[in-house]
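Visitor: Hello! I would like a close look at a single part of this model, with the terms explained as we go.

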Amino acid sequence: MLRILFVLTDLVAPLACGYFLKQHHLLSQRVNDCLIRFNIIIVNTLLALLAFWVLPLDRSLLIAPLFGCFLVLFPGLIGYALFARRLKSPLDRGAYMGSALLANLGTLGGVCAFILYNEQGFAYAQLVATIQNFLLCIVVFPIAQYYHMKATGSLRQTSRLRSLRDMFLSPNQLCVLGMAAGLTLNALGIARPAPLGTLFQSLVHIGAWSAMLPVGFFIDLRTTRRYLPHIHSLTALRFLITPAATLLLATLLPLDPILRNTIIILSFAPTAINAVLSARLYRLNVNLPAASFLITTAAFLLIIFPILFFLLR
């Protein structure tokens, strides 16, 4: 029961802290960027290694990635078919598609799964989130580029962010190597030393702060107010349509109870900060995904997850 306090100490508090530091000019953009890289390259890699070292090796390792694809592609297809096509500007449509495709599965979903199911829930969440990171490169970035080119009327592919080699072999993908190393040690039957379990517990909290504090740095409440009417459909997509479809699919399949409940938690995950970053990289309407991120994250932390906590614990 005390783990519900992690919602405040590990999720709400760093968001508020990042916002406070930005408003009082106590944190620079350069330091904030370094904190993001520290979380992605160092903390996430260590967490992946330690979590997958003790993850049960069963068919769940094959099923979880399938749900990773579903939790990205299903809301993306529904968002496009029902809502995105109604937006007149390609810059708005591209930003909307990023918000529909990307959910905060790794950081927020991972911490919430850890609160309920300890290391096993965290590892399942990271496995699902890894598929989203892969689809970010091969689906979301090209979609963002397409809408940018459509808005500018350009037929030249001059707005590519990186080559395929840079996208798939960058330091940001080191967490995949951490997972592979953990699974290898696991398969070899090498027991994880007990002190590393304590280290894992600490790294979860460090990872939450190093991920959520930079997000608080990006929050702009004044801009968010202007875009509230545009994110009603995204809220329905995140908290009604996607969870309902996921619950139906998870019920029909013979899943491990912890994996099933972790997937249900992830199906409610709010808009990811990567939706904001991809919109910024491809010069789409950044304000729309930023507003969606703030509103859906606040609703998830204050309403959705407390309810899930008492239903799934």
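Visitor: Which residues does Pro-75 touch, not counting residues up to four places away in sequence?

Guide: Happy to help! First, a word on the model: it is predicted, so local features need pLDDT of at least 70 and side-chain atom pairs count only at pLDDT 80 or more, while totals for chains, interfaces and linings use all residues. Residues are numbered from 1 along each chain as its sequence is written, and side-chain values use heavy atoms, with hydrogens and water left out.

Now to your residue. Leaving aside residues up to four places away in sequence, Pro-75 touches Phe-70, Ala-100, Leu-237, Arg-238 and Thr-242. Contact here means heavy atoms within 4.5 Å. Pro-75 itself lies in helix 3, which spans 60-82. Helices are DSSP runs of H or I with at least four residues, numbered from the N terminus. Pro-75 counts as buried because its relative accessibility is 0%; buried means under 20% relative accessible area, exposed over 50%, and partly exposed in between, using a 1.4 Å probe and protein chains only. One partner, Leu-237, is 162 residues away along the chain, yet the C-alpha atoms of Pro-75 and Leu-237 are separated by 6.6 Å.

Another partner, Arg-238, leads us to Ser-99. Ser-99 touches Arg-238 too, along with Leu-234, Thr-271, Ala-275, Leu-288, Pro-289 and Ser-292, again not counting residues up to four places away in sequence. Ser-99 lies in helix 4, residues 90-101, and counts as buried because its relative accessibility is 0%.

Arg-238 and Thr-242 also bring us to a helix pair. Helix 10 (residues 232-252) packs against helix 11 (residues 257-267) at an angle of about 160 degrees, with axes 8 Å apart. That angle makes helix 10 roughly antiparallel to helix 11. Axes are lines fitted to C-alpha atoms, for helices over the stretch in contact, and angles run from 0 to 180 degrees between N-to-C directions. Angles under 35 degrees count as roughly parallel, over 145 as roughly antiparallel, 65 to 115 as roughly perpendicular, and the rest as oblique. On the helix 10 side, the contact is made by Arg-238, Thr-242, Pro-243, Thr-246, Leu-247 and Ala-250, and on the helix 11 side by Arg-260, Ile-263, Ile-264 and Ser-267. These residues divide into 5 nonpolar, 3 polar and 2 charged. For that sorting, Ala, Val, Leu, Ile, Met, Phe, Trp, Tyr, Cys and Pro are nonpolar, Asp, Glu, Lys and Arg are charged, and the others, Gly among them, are polar.

Helix 3 and helix 11 have another link: the largest nonpolar core. This core has 35 residues, and those with the most contacts inside it are Leu-47, Phe-52, Leu-105, Phe-200 and Leu-255. A nonpolar core is a set of buried Ala, Val, Leu, Ile, Met, Phe, Trp, Tyr and Cys residues joined through side-chain atoms within 4.5 Å. Helix 3 and helix 11 are among the helices that each supply at least two residues of this core, and helix 5 gives the most, with 9 residues. Phe-200 touches Leu-47, Leu-50, Ala-51, Phe-114, Glu-119 and Phe-122, not counting residues up to four places away in sequence.
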